[in-house]
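Please open the model in your viewer and keep the selection tool at hand. This tour moves from one selection to the next and says what is there at each stop.

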Amino acid sequence: MRENSSGEGGRTLGTTGSLCPVCLRRIAAERVIEDNVVYLCKSCPEHGPFKTVIWRGLPSYQAWGKAAGHLSASPAACSAAAAGQCPFNCALCAGHLEQAGTVELEVTERCNLACPVCCSAAGPDPSPHLNPDPSLAQIDAWCRTLLAAGRAFAIHLSGGEPTVRHDLPEMIQRIRALGFNYIQLNTNGVRLALEKEYASELKEAGLSAVALQFDGVTEEVFEAIRGRHLLETKLTAIQNCAEQQLDVVLVPTLIPGVNTGQIGDILRTATALSPTVRAVHFQPISYSGRYPGLPQNADRITLPEIMQLIEQQTAGQFAAASFRPASAENPYCAFHARFWLQPGGGVITTARPANLACCRPANPDAFSSHQKQAFCISAMAFQDAWNLDLDHLDHCALHVLSPNRELVPLCAYRLTSARGQRLARALDNAHTT
Ligand SMILES: [Zn+2]
């Protein structure tokens with residue numbers, strides 16, 4: 001049986017909807033367990049069967065689902081988009097089962113790197129193929145749309161690489177002035193390292209935290225994932241943030257065979273840089289945007305494998321049993337745990353307070369100001385055209401505000417077919433609203 005094709009055997013754990021990764025038509029899918037490995041099996045009438053790993057090892061898929069204390073909450077204000085068309089015209093519709101918690105604003109498509117792996121397929125600067133950056137007035141209008149959609153969500157400034165914009169500090173000031181009190185910058189850290197005063201400018205403008213791409217502790221890893229040596233750049237960026245007491249979350253993209261052997265080293269680096277680095281947020285590679293070659297199951301790492309590797313590579317300091325499903329999203333999208341770092345290197349696992357997803361900025365101000373010694377480890381598995389489970393999208397709490405001002409689940413927004421076609425065709429339009 002060829003990989004990614006569905007086959008006989010195994011036991012069904014449930015049915016859901018998905019897409020054909022080639023033509024993006026909606027098709028039925030089944031979760032099938034074989035020897036502690038769960039696959040999403042589906043078949044396109046035109047492009048045949050696909051069998052994609054979604055869960056390997058322990059805790060078991062079933063036990064993890066039972067551990068989730070999931071609370072559904074309908075969106076405060078729904079989009080006019082018709083319900084039941086997921087993931088087409090996907091938005092925060094009446095069929096959605098979760099409020100948006102965090103909203104990404106894509107403030108540029110430009111980037112100062114050209115990484116071989118890029119979930120948003122950002123391009124070099126300048127490039128004639130990119131849409132122009134949205135103006136500050138347009139971003140103000142986006143924020144007013146968000147306020148009308150419910151509340152002052154936690155904002156992640158994303159792209160592209162937001163720091164290529166000369167007006168980023170002013171943008172942050174304006175978003176703050178509109179009432180948003182948690183603003184995180186998703187960045188590769190290049191500018192933060194090159195310009196020593198830049199962290200100060202961003203902090204004074206009202207930036208809450210920096211989410212820094214940090215894929216490993218050797219240059220071979222950065223060369224493979226980002227196309228150049230970046231380790232010293234990353235460490236300098238963190239140092240410059242430390243001098244401004246600007247919180248940093250390290251965000252490694254995990255790729256089997258590239259950096260999954262450095263999970264423990266990344267955590268040791270992070271804890272050594274605490275309290276500036278207050279969390280590590282792992283992201284198993286998802287095959288949307290730009291990536292080298294079509295994915296096979298060996299090219300995937302799943303959430304339980306990451307939990308086990310964290311424990312193994314830290315000699316049990318951060319135990320796999322510490323981790324819990326996210327309280328808002330579908331439990332199979334994310335895990336997290338909060339620890340206390342002790343003087344001398346000890347670690348204490350903390351019980352998670354009810355309704356506080358520790359590594360998400362649900363209560364960011366309380367987290368940032370009162371719990372400096374805390375250290376969080378989390379992971380989020382973004383979905384792609386192969387492993388897309390539509391039940392996950394219904395519970396998504398991480399949205400992108402699209403150019404036509406709809407709140408779209410991030411995975412749906414970035415979803416890309418094997419042919420390079422993006423599901424969110426709205427992205428192909430210029431920022432005209
Ligand atoms: Zn197809």
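Begin by selecting leucine 157, which, leaving aside its neighbours within four places in sequence, is in contact (heavy atoms within 4.5 Å) with Leu105, Val107, Pro162, Leu168, Met171, Ile172, Ile175, Ile183, Gln184, Leu185 and Asn186. Before going further, note that this is a predicted model, in which local features need pLDDT of at least 70 and side-chain atom pairs count only at pLDDT 80 or more, while totals for chains, interfaces and linings use all residues. Residues are numbered from 1 along each chain as its sequence is written, and side-chain values use heavy atoms, with hydrogens and water left out.

Next, add Leu105, Ile175, Phe282 and Ile310 to the selection, for these and Leu157 are the residues with the most contacts inside the largest nonpolar core, which has 79 residues. A nonpolar core here is a set of buried Ala, Val, Leu, Ile, Met, Phe, Trp, Tyr and Cys residues joined through side-chain atoms within 4.5 Å, and buried means under 20% relative accessible area, found with a 1.4 Å probe on protein chains only. A second, separate core has 35 residues, and Tyr287, Leu393, Tyr413 and Ala424 are among them.

Now select helix 8 (263-272) and helix 9 (303-313); helices are DSSP runs of H or I with at least four residues, strands are runs of E with at least two, and both are numbered from the N terminus. The axes of these two helices, which are lines fitted to C-alpha atoms over the stretch in contact, with angles running from 0 to 180 degrees between N-to-C directions, come within 8 Å and cross at roughly 65°. Helix 8 is therefore roughly perpendicular to helix 9, a word that covers angles of 65 to 115 degrees. To see the contact itself, show Ile263, Gly264, Leu267 and Arg268 of helix 8 together with Leu309, Ile310 and Gln313 of helix 9.

From helix 8, follow the chain into the loop that leads to strand 13, where threonine 276 lies. Threonine 276 counts as buried because its relative accessibility is 14%.

Beyond strand 13 (277-284), in the loop before helix 9, select serine 288, which is buried at 3% relative accessibility. Not counting residues up to four places away in sequence, serine 288 touches Cys118, Cys119, Gln383, Asp384, Arg414, Leu415 and Thr416.

Finally, select cysteine 115: how far is its sulfur from the closest cysteine sulfur? The distance is 5.8 Å, to cysteine 111, which is too far for a bond, and a search of the whole structure finds zero disulfides (pairs of cysteine sulfur atoms within 2.5 Å).

Notes. Buried < 20%, exposed > 50% of the residue type's maximum accessible area, 1.4 Å probe, protein only. Parallel < 35°, antiparallel > 145°, perpendicular 65-115°, else oblique.
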